[in-house]
Structure formats: C-alpha cells, structure tokens
Amino acid sequence: MSSTSRASKPRYTPTPPEELLARTKQRSAAHRQRRLAGGGGGFAVVAALVLIGVLLPSNGARSQQASDKPGKVVVSARIGVAYELTTNEPTAPNAAHQVAVAVDNDEVGFSLDLLNKLATSSKASGSGNVLVSPSSLATALAMLELGAKGATQAGIAAALHTSGLSAAQQAEGWHTLAALLAAETSTSGAHLKHEPELDIANALFLQEHLPVLPAYVQALSKDFQTGLWQVDFEKDLVGATRAINLWTSENTKGLIKQLFSPGALDATTVLVLADAVYFHAKWSSPFGNMTLERPFYPTEGAPVRVAFMSSPSAETRSAFHIPVALTSRYVAVELPYAGDKLSALVLMPTGTTLPGFVASLTPSLLAQIVGGMFPQSVQLSMPTFTEQSDYDLIQTLSSMGMAQAFGPGADLTAIAPRPPLYVHAVEQHAYLQVTPKGTTAAAATGVGVAMSATEATEHPIVIDHPFLFLVRDDATGAILFESMVENPAS
Amino acid sequence: MANLGGGPAGGSLGGTAAPTERSSEGEDFDEFFLRILPRTIRAARRLTGDPWIAEDVAVEALARAHARWGRVGPLEWRDAWVLKVASREALHQVRRRPPLPPPENDRDESDDVVLRVALVAALVGLPRRQRETIVLRYLCDLPEVDVARALGVSPGTVKTHIHRALAALRASIGSDFEEGYAHEFHV
C-alpha cells in the first residue's frame, strides 16, 4: 500500500534558485505593467477615518491620500472605545555614544533619588517596603517632557536628573536606551531559549478633537514608538478608562489590571501617557526547589519567620559561582539571569539601616560596589518574596523638582497650544515575584493631563536583614525594577 | 502617532521599480532574492503543505518585491515585507483549492497533515490582522518588532493580536492545538 501511494505522488525536487529568479523577474515585468496601467487608492482608509470621526493632525487628511508617503495615518487596532492610529514615521536614529551614556547615568541617578524619596514616605506610612520601576516612570516623564516648555520642562528635567542635556539629546538618549534594552531581550523564540523576556510598550490616549500639535505626536512616535489611541474622556470616561486598563493588562500579561485608581481621571482629562513593562527571567543557576522557614530581622520589631530559598552547597558541582562583595558596610551579591544580559543585584547593609544606606547611595557608589565584586563560590540563602505597590507619585515628583507641572502655571503648550493643560495624575502600579526559579515583574506608569479648570563566598551568605533588590541591565546599568525589602512577610 | 517605524526616507518612496537599485544596506535584488528565497519557500510550505505551490507563492511574493524594488529595497524590514506578502498569497492558495486527502500510508504524516489543515482552517477564520500577526511571528519566526514594522502597528498591538489570536486558535482547535502546535507557539 505504501509503495502505491508513493508511486502516485511525484517526487519533489527543488527548482534551482537561478530558475526561480528568472521566473520572478518575468512575473515582475507583468506586475509593473499592471501597476502603471491601474490606479490605487487610500479610499478605504479615508472612509474608515471619517466613519469613526477621528480628528487628524492638520496634515493627516492629506497624507493618507498618497498611500505610501511617510506620515500616512491608518486605524490599526481597537480596544473597546479606543482606536489606535498608526503612521509610518521613521524611528529616530540611535543617539551618539556620549549622549546615550549620559542618559544611562542620569537614569541611575533618578532611580536612586526616587528610591530615597519613596523610602522616606514609606517609612512615614509605616510599611517600610518599596517597589518601583524607575525606567517605566522615567519613560513616561520623558514623553511628558517633550510636550513641556520653560520652567515646566526644566522641572521635569531636574526630576529626571537630565538637566545637563538638551531636550533633543534627552529624547535621543531615552530612545537609545529603550532600543538597547529591547535589542538585548526581544529575540525571536526567547521563551524556547530560556532568555529573559522584557516587553516595553508606550501609549498616548488622546481626547478626540484636542488640537494636539502634530510635531508632539510625531516626536513621541519617533523617539518612543508610542502608540496613539483616540478616546473620549469627556463623553465616555468609563469606556476610556476601561480601554486604558485593558491596554495596561494586555501589556503586563495581566499582572497590572488598572493604570489609575478610581476617580484619578475625570471629564477634564484630555490625555494620558502610559508606559508598561513586563519582565520574566529564569536565574542562570536556579536555587534549590525546597524552601525553608527561618527568621528574618526587620529594622524595627520582632523577627519574622519567612520562606528562604538556598543555593546548592558550595562543595557541589552546581554551587553558585557569582560576583560577591563582603565589606564592613554591606553584603553585595549579583544573581545573573539566564542569557547573561540582565541580573539582580542584592544589597544588604550591615553597618547601618536600609533607609540610611539608601540615603547614602549615589550612582558612583553603586558603580563602585558593582566594580568591587568578584566571582566566588558561595552558598546563598535569601527569602522568596512577592511585592506589589500602588503609588500616587505627585508629591514625590514635586519634591524632586517638577512641582510646576502639577499646577495652573504648567506650560505644556508643546503638546497643544490651548486649552491650558496641567498634570493631574501620576500613578505607578508594580508587581515583583522572586522565586527559586527566577523573577517575574511588571509595572505600569500613567501620567494624566487635564485642562485647567481656571486658566492656570566561603562563608554562607544569608540575606536575613532588610535588603535592596535591583533588576539591572548589565550593559547599560539601567535599573528596571528596584525594591527595598524591609519585611518580606508584610 | 503611533508608531513605528523605521519607515524609509520619504524621498525614496513611490518611484517606479528600479530593479537594479541597491538596498540601504547595499544589497541588490539578486542578493536579496537568494538570501530570502529558502525562508519564503519554507514559510509558504508550512501553510500550504505543498512544495510546488510553496515555490510558486515565493516567486509571486518576490516578483512583487522586484516590481517595487525602489520602494521595498530600502526598507529595513524588507524580509518581513516579502514574508507578509508570501503568507497572504499562501493562505489565498489554500482557500482556492480543495484540501488534499491525508496520505493513508503513514500514520504520523497523516496526523501532521490533519493538524496542519485544522490550523490553516483556524487561521483563515481569524480576523486579518490577527492572522497576519500569528503567521509572521510564529510561522515565519520574525521578532515582534519586525512584525510590528511589517504591519505598521506598535509592538503593543502585535502583542494584543497574538494574545487574542492564540486564545481563538485554542478555542477552535482544542486539545489538538495543545498537542500539535503549542510548542510551535511557545505556549
């Protein structure tokens, strides 16, 4: 039976490529003739835009007529009542090396300053733990900064620690940083190769009929690859909020379900800038599967019993051989993720409290700590933990220098010349889970802009005291997530 | 506005074909053809299951690229452009002809054909954008960023389409999807 079947089926022999090339060119000639004879049109696109009643930038209605010109605007996706508009704007070239390095350093300075400020407010509120994604917040603020002028722009730059760079250099630098991170982790089949997944998405949700300046939208697209979504906060606040939350959930794989707390947005909201990050990576060398309860010593209060994960014994072949630094002031351990491009840096101060240590941290001290680590065979024990955080960041950012953006004096005229705009909500929601196998984390940052109402080693290392947990990109030093763990049980 | 770019410099757009023009990376059409041909045939064969049709589909897609080489050549994502055209053409071919009866001699091969036919049928039932996203991402093995550029959407939208499409494929193919294709879709 099998021989009959094979006989009836001709055997496939691949055609030589040269022959296929000749056939291709013959067929191409026919295609060219047909194209020269016929027309082509963007009618369907025009009709779609008219049907949903979107307001295009002043040059948009023209641009879709010529279907292949840069700047063509099409509706590319829909989430509930929100429509995504897309153009084929070219992405910005990567920044010069010095600018990229300067922005990387600034991001670290911003990350540490932010951590310090949040640690202070967290201590005041009594919880002690902090979890934030500085890179997500920095991206959202950098997108806002593109639309700010004068003192408002200077305030945002001061908060971001980028005052030494021009607005264009900053935009290029952030673009390059994001591109470097994406290039290192967004490889095809990352799941199969057990490489880290790092997905970053940006979006601008825009009130219909807001006379937004095309240059602002183009700059967001070019520098941040920001998706533009058209919504109607004024007439359908619930639908717009639902669409924003759905976008957030889909870009954080369901870990962050809402971008703003109830009531944070209202009918005066005219745009929302959003950044979402999802990270999942396995340890390069996994901890043992078994966890063991043992005491952890918070800065204040009695010891708590929490689950600890432990590396294989230092005598075994699978023992951890990782960068370590043991000094009189701190214990530092670097845990690489599979793929060796990203790592977690665990810092446990030994001579001072964690908030005191965080207050003394600077980018140069951090670089010194990392530079002083050497690979050693160690047995490491540290808690498994899951953190979740929800921050309203207006107070924190005001104290970092950008108060002007939050008041009637804000100058966001590079977004839209009128009506007067100001920032009325900045929130970040984050999630971090550290297990014996690896790390899963997500964060989403939202910036809400509204119309002004008035014109206005050999030794076992046990991380059993409060510690810092930083997820870093090894090449750039960029801090993706940072967590202060005062009490893993809380 | 959204997205995404990497578009070609505006001045190079829109002209009639100039088949001997070199791409932005100095690659002329013949070099590009020889490089992308095996991948294009492979992608088309995964969709049609027929090597002869796959060759014809690849020729058609590359002929369209050749006819527009002045515009396609400078694209950073010209590979994705050709694979997108080829996958559309392959699905078009699948829809035009009756499904081949599975071979009776080889149980494993038969199972593969049945699964492929089920997958293609389920793919055809997806909305166009979801279908193209799935084909380019998983059957052509393009990274998300290239899929986004080829389709002119943001990477976030690609993720959205993938999420919804995989859910629809699971619902449509059921347990066979998990057994036969889950590894291919990294789920």
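Which residues is A:Ala442 in contact with, leaving aside its neighbours within four places in sequence?

**View 1. The surroundings of A:Ala442 in the predicted model.** Start your tour here: with neighbours within four places in sequence set aside, A:Ala442 contacts A:Thr252, A:Lys253, A:Leu255 and A:Ile256. The same residue also contacts A:Val277, A:Tyr278 and A:Phe279, along with A:Ala430 and A:Tyr431.

**View 2. The largest nonpolar core, with its 131 residues.** Here A:Ala442 appears again, as one of the five members that touch the most others; its companions in that group are A:Phe205, A:Ala274, A:Phe279 and A:Val346. Strand β6 of chain A (residues 269–282) supplies the largest share of this core, 10 residues. Another core lies apart from it and holds 52 residues, including B:Val57, B:Ala80, B:Ala122 and B:Leu151.

**View 3. An open sheet of 4 strands in chain A.** Follow the order β7-β8-β13-β17, and you will find mixed pairing. At the edges sit β7 (291–296) and β17 (461–462), each paired on one side only. Between strands β8 (residues 304–310) and β13 (residues 380–383) there are 3 bridges, and these two run antiparallel. Look for A:Ser310 in this view: its opposite number in β13 is A:Ser381.

**View 4. Confidence along chain A.** The mean pLDDT of chain A is 79, and 78% of its residues score at least 70. Strand β15 (residues 421–434) is highest at a mean of 95, while helix α3 (residues 43–52) is lowest at 27. Residues 1–7 fall below 50 and have 5 contacts beyond near neighbours in sequence. Residues 186–192 are also below 50, with 14 such contacts in the model. Where pLDDT is low, please do not read the predicted coordinates in detail.

Key
Residues numbered from 1 in each chain as written. Chains lettered and ligands numbered in written order. Predicted model: local features only at pLDDT ≥ 70, side-chain atom pairs only at ≥ 80, totals over all residues. Core = buried A, V, L, I, M, F, W, Y, C linked by C-beta atoms within 7 Å. Buried ≥ 20, exposed ≤ 12 C-beta atoms within 10 Å, placed from the backbone. Contact = placed C-beta atoms within 7 Å. Pairing = 2+ DSSP bridges. pLDDT = per-residue confidence, 0-100.
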